[in-house]
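Work through these exercises with the sequence and the 3D view side by side. Try each task before you read its solution.

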Amino acid sequence: MKPRITSEFGTLYKVMIHTPGAEHQQLIPWEGDHPLMGPDPHTYAELRRDHGWMKQYISQEIGPENVLELTQLLEEVFTPEDYHHRYKILQDTLHKIADTYVDHLQARGIRLSSYDPAKLVKDLVQGYPRTLTLNNGRLPKLIIPPQREAMWIRDPAAITPLGVVIGSMVSNRRAMEPSLLRTVFKYHPMFDPDSIFLDMVEFQRNMEDDDTYCGFIEKHFFEGSNVMVISENTLAVGVGHADFIYNSRTTRQGFQLFVKKLFEADKEKKIERIYMVNFPDLKGFMHLDTVFNMIGPKSALVMPYIFGYPSPTLHVSAKEVLQHFIRWLRDTIGVNRTDLSRIPTAEDFEHAGKVEVYDRSHIRKVGKVERLPQTSRYFLDQLVEDGWIDLDQVIWVGGDPDDYPSPYEHLKVALFDQQNMAANVFNTQPFHSIAYHRNPVTLTSLKNKIKQLSSDPHLELMSSNEIRTDSGGPRGLVLPLLRE
């Protein structure tokens with residue numbers, strides 16, 4: 001099987017997920033670069049309950065045999081009891097720490113060839129060693145960090161009309177997640193040998209080994225939640241305006257490499273256009289799917305005032321509404337009690353929602369990855385012009401702007417819902433969406449709209465009391481492998 005999808009809403013056939021495990025019990029709740037540190041502790045039982053509900057619902061929709069668990073696939077990869085087989089895959093997965101891990105097992109009297117594959121995968125996912133046991137008065141050095149954010153399985157990889165992209169993560173504590181998915185797609189017999197067409201893990205390792213590119217590697221970041229499959233011949237990728245570590249987690253350099261490899265892999269020349277969508281370099285806007293998601297043909301759930309719409313009057317644009325609101329907010333904050341560096345500025349949204357178009361014919365003509373020489377316009381304008389979106393079929397986060405006395409009241413509600421991941425939904429088929437339960441205003445508008453647009457609408461509400469803590473949504477928890 002070669003993973004392949006041609007839309008974000010076509011009927012779902014097969015997915016991959018990762019049910020959160022004991023890796024979430026390995027946490028010191030302080031902010032820092034230690035693998036056990038993190039600011040977002042979870043109530044473990046509730047986290048598994050919420051995620052388990054989603055898994056059960058998707059299993060009912062497409063059949064439990066089509067909901068694949070990452071850990072189960074990894075166990076099957078390591079099932080053959082052969083030292084050389086396992087050692088080769090561990091070297092490819094763990095890279096520079098593989099020998100340290102294998103030596104540590106041997107020191108404990110564990111033979112790699114006969115090690116229980118379920119325990120081996122626990123080491124890879126839940127961390128190794130997992131017990132802080134004193135050794136001659138010293139605590140152990142952590143060899144493999146716990147993969148606490150692996151449940152956000154959409155981030156380390158993307159499925160496109162041409163196959164799989166293995167991404168690269170901004171956060172050091174998530175650096176190993178793409179390697180785990182890469183191991184599955186590369187070594188599990190279920191998947192075709194040519195499933196991966198862009199391997200950012202291998203790319204970065206090659207850069208590390210080449211001293212002439214010292215520092216260059218740091219800017220090649222690419223996360224799968226920024227990839228939106230508009231159709232079988234058109235994709236969109238969200239990219240932050242600035243290339244620094246706290247941006248939207250996909251840099252311009254990572255995007256350029258993606259475009260180059262995508263067109264090279266497209267032997268049948270099906271992909272025609274790729275949109276690069278700018279949006280704010282802010283925590284709550286870390287991926288394109290936090291502000292935009294297609295839910296059916298020409299229909300999308302969209303954060304308002306980011307993409308040039310809705311425009312209140314001829315004299316006030318959508319961007320002006322957003323920037324005026326932020327300036328008012330900052331001007332009226334008690335500066336002696338508030339750290340203004342943590343509050344967005346109007347300039348943060350200056351380029352938000354703008355799009356650059358990378359067209360196959362133009363790239364072939366100029367001989368390099370270069371955007372169309374046109375004035376940057378808003379993403380929604382481009383989608384309307386190219387026939388992918390009907391503005392009358394857009395559902396706005398925060399509800400219908402006509403229901404509010406002013407656009408600023410609408411924006412206030414929309415910002416709150418957007419931070420609660422109201423725009424981040426996952427579709428099992430057209431107009432069948434899974435959304436968080438905690439955004440009643442947006443949900444009411446979404447429910448009413450899909451009833452107008454479909455004869456068979458369905459909106460499934462998902463509990464998010466614990467999962468929401470990580471600033472992600474239902475789409476980030478599921479990696480679709482096949483759609484209609």
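**Exercise 1: Strand β11 and its partners**

Strand β11 and strand β12 (residues 377–378) run antiparallel, joined by two bridges. Keep in mind that this is a predicted model.

Task: Find which residue of β12 stands opposite V355. Then find how many bridges join β8 to β11.

Solution.
Step 1. Go to β12. R377 is the residue opposite V355.
Step 2. Turn to strand β8, residues 273–279. Five bridges join β8 to β11, and the two run antiparallel.
Step 3. Pick out one facing pair here. M276 stands opposite E356 in β11.
Step 4. Recall the general rule. Strands of a sheet pair through backbone hydrogen bonds, either parallel or antiparallel.

**Exercise 2: Buried or exposed?**

Task: Decide how many residues of β11 are buried, and which of them point one way and which the other.

Solution.
Step 1. Locate β11 at residues 354–359.
Step 2. Apply the cut-off: buried means under 20% relative accessible area. Six of the six residues in β11 are buried, and the strand is mostly covered.
Step 3. Sort the side chains by direction. K354, E356 and Y358 point one way. V355, V357 and D359 point the other way.

Task: Do the count for helix α6. How many of its eleven residues are buried?

Solution.
Step 1. Find α6 at residues 177–187.
Step 2. Count. Nine of the eleven are buried, and α6 is mostly covered.
Step 3. Name some. The buried residues include P178, L181 and F185.

**Exercise 3: An open sheet and a helix**

Task: Give the strand order of the open sheet that holds β10, and say which strands are at its edges.

Solution.
Step 1. Read the order of the three strands: β9-β10-β13, with mixed pairing.
Step 2. Look for strands that pair on one side only. These edge strands are β9 (292–296) and β13 (394–396).
Step 3. Check the twist. From one strand to the next, it averages 25 degrees.
Step 4. Add the helix. α13 (residues 440–453) packs on the sheet and touches β9, β10 and β13. The direction of α13 makes about 165 degrees with that of β13.
Step 5. Inspect one pairing. β10 (residues 299–302) pairs with β13 in the parallel sense, over three bridges. A300 stands opposite V394 in β13.

**Exercise 4: A surface patch**

Task: Which residues form a nonpolar patch with about 330 Å² of accessible area together?

Solution.
Step 1. The patch on the surface is formed by L132, L134 and L139.
Step 2. Place one of them. L134 is in the loop between α5 (117–126) and β3 (157–160).
Step 3. Test L134. Its relative accessible area is 56%, so L134 is exposed.

Methods
Residues numbered from 1 in each chain as written. Predicted model: local features only at pLDDT ≥ 70, side-chain atom pairs only at ≥ 80, totals over all residues. Heavy atoms only, no water. Pairing = 2+ DSSP bridges. Helix = DSSP H or I, 4+ residues; strand = E, 2+ residues; numbered from the N terminus. Axes fitted to C-alpha atoms, helices over the stretch in contact; angles between N-to-C directions. Contact = heavy atoms within 4.5 Å. Buried < 20%, exposed > 50% of the residue type's maximum accessible area, 1.4 Å probe, protein only. Patch = residues over 30% accessible without salt bridge, like charges linked within 9 Å, V, L, I, M, F, W, Y side chains within 5 Å. Areas by Shrake-Rupley, 256 points an atom, 1.4 Å probe, with all protein chains shown as cover. Salt bridge = Lys/Arg side-chain N within 4 Å of Asp/Glu carboxyl O.
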